[in-house]
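Visitor: I should like to take a close look at a single part of this protein. Please begin with the reliability of the model and then proceed to the part itself.

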Amino acid sequence: MIQDVTASNNQRHWHSQCHPAVSKTSATRATFSLVNDTQYDNNDGPNNLFNHSWTTSWDLQARQPLLQGAGVTFNRIAGPSAQPGFRSTSGLLISRANYDISTFQFEQGLQQFVYEVIGKYWQLSVAYRNFDSIRSARDSALKNWNLTEARLTQGIIGGEADREAEAREQYYLFESQLAQALSGDSLSGEPGVLSAEADLRRLMGLPNSGDRIIRPIDEPISAAPVFEWEQLLDQALARRPEIAQQEIRIQQRELELIAAKNFLLPRLDAVAIYRKNGFGDDLLGGGPGRFSSAYKDLASGQHDEWETGLQLQIPIGYRQAHSGVRYAELNLRKAEEVLKEQKNQIALDLGNAFRQAEQVTTNSELLNHRLKAAHDTVNARKAAFDAGKGSFYELLDAQRRLAEAELAFHRSLVNIELAVEGINRESGMLLRHHLIYLGESAAEIKFYNPSRQTRRKQNRIPLDYRLDPTRLSKSN
């Protein structure tokens, strides 16, 4: 509402104006609007027939773009009031694409979270195994100390003072290591049972401590399963959420380029207006006279107006439109290059995970042989020591190396487990492997351009980042 009040030379002038309106835009960008213009004028000028009067009009307007801005496709992409570059508005297709991207970002974050939980779970398993190995070695050292101390007291062979001191030193060494295995080593950063459990509790949303302790019950696998490289690569390129996100971004850029080219057309709009006018001394009421009521005069239909025609606007040079097209082309090219590099990186990461699984499996086999040899060494030196022939220091050293071999072997088994989980993660199968499903996943991309899925399969990067010993040997 606009009001204007003036007064001069004992004359008054008071003016009020109101413009309510309602409009609706269709899918073809046709705009329908109903506009009311009501004005009140209170003016006691000598030339006025009415000291105060009401003027009202109702306009029914329709505007349909015929070239620039026309069509359902353009408006589903660009949205209302779109400008070249699309920096402020977006249509339904672009909004839907942004929603799908956020869904796949959530899936990507969920995969990272699950992978961290798995890592903390097996870290806790290693911490427990380390604690158990050191405790077993501590108990053996305590038995040796008690035996040596008893022999020293009785003054028999095998109870020399140096042996008793070595046995005592070995016991306290394992005792200190056992305390570190429980609480962790702050200097080296090696987590203990309590700190590893606290990390797992944090990720699981549990209190830092409770009435029950968490102890893994699963045993790690002894060897990595056999994977087929081509199948893994196909799964990675089809299920990785990063690929899904970038595919949708490319579709966004393609749609934006289609819409940007529409701005190269001239602006030709079909316009139709029908207007009903009314004038009167009052707005609603009034006497029997012709101009007693503005709405009464409007209803008489004696002052109706209508107009129809075409409006043409042709900007000189289309500089803004051409800049918008160039901007959309650059964005599309950039998105395609990003997708290409993502495929290369995924193939590289998957190859590294593939080789890592083979390496840790081989290392685990070697550590298993070491563990068996350490057991045989301890048994042999224990029998020799009991017979009074072996070196006590060699027995203590064998027991210490046995504890180290047991922990190293268990770590190798956990490394196999983590390597397999790494392959599942790089191939996009981590959630499915652990029976975690989402309503919409990377395997169920909704393509906005039907030809995109065909081109997506054709553009797969057939790279092989594995280390194939047989192929290398043949090439040599």
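Visitor: What pLDDT does the protein average, and what percentage of the residues score at least 70? Thereafter, please describe how helices α8 and α9 pack.

Guide: The model is a predicted one. The protein averages a pLDDT of 81, and 83% of its residues reach a score of at least 70. Confidence is highest in strand β7, at a mean of 91, and lowest in helix α12, residues 469-475, at 37. Two stretches call for separate mention. Over residues 5-11 the pLDDT stays under 50, and the model has eight contacts for them beyond four places in sequence. Over residues 450-476 the pLDDT is likewise below 50, with 43 contacts in the model beyond near neighbours in sequence.

As to the helices, two packed helices are described by the angle between their axes and the distance between the axes. Helix α8 spans residues 319-386 and helix α9 spans residues 392-426; the angle at which they pack is about 160°, and their axes lie 7 Å apart. Because an angle over 145 degrees counts as roughly antiparallel, α8 and α9 are roughly antiparallel to each other. Their crossing is left-handed. The residues of this contact comprise 22 nonpolar, eleven polar and ten charged.

The strands may be added for context. Strand β6, residues 267-280, runs antiparallel to β5, residues 52-65, and twelve bridges join the two; Gln64 has Ala270 of β6 as its bridge partner. Nine bridges join β6 to β7, residues 305-313, again in an antiparallel arrangement, and here Val271 is partnered by Gly309 of β7.

Terms used:
Residues are numbered from 1 along each chain as its sequence is written. This is a predicted model: local features need pLDDT of at least 70, side-chain atom pairs count only at pLDDT 80 or more; totals for chains, interfaces and linings use all residues. Side-chain values use heavy atoms; hydrogens and water are left out. Axes are lines fitted to C-alpha atoms, for helices over the stretch in contact, and angles run from 0 to 180 degrees between N-to-C directions. Helices (H or I, at least four residues) and strands (E, at least two) are DSSP runs, numbered from the N terminus. Angles under 35 degrees count as roughly parallel, over 145 as roughly antiparallel, 65 to 115 as roughly perpendicular and the rest as oblique. A crossing is left-handed if the near helix is turned anticlockwise from the far one by less than a right angle, and right-handed if clockwise. Ala, Val, Leu, Ile, Met, Phe, Trp, Tyr, Cys and Pro count as nonpolar, Asp, Glu, Lys and Arg as charged, and the others, Gly among them, as polar. Two strands pair if DSSP finds at least two bridges between them. pLDDT is the predictor's confidence in each residue, from 0 to 100. Contact means heavy atoms within 4.5 Å.
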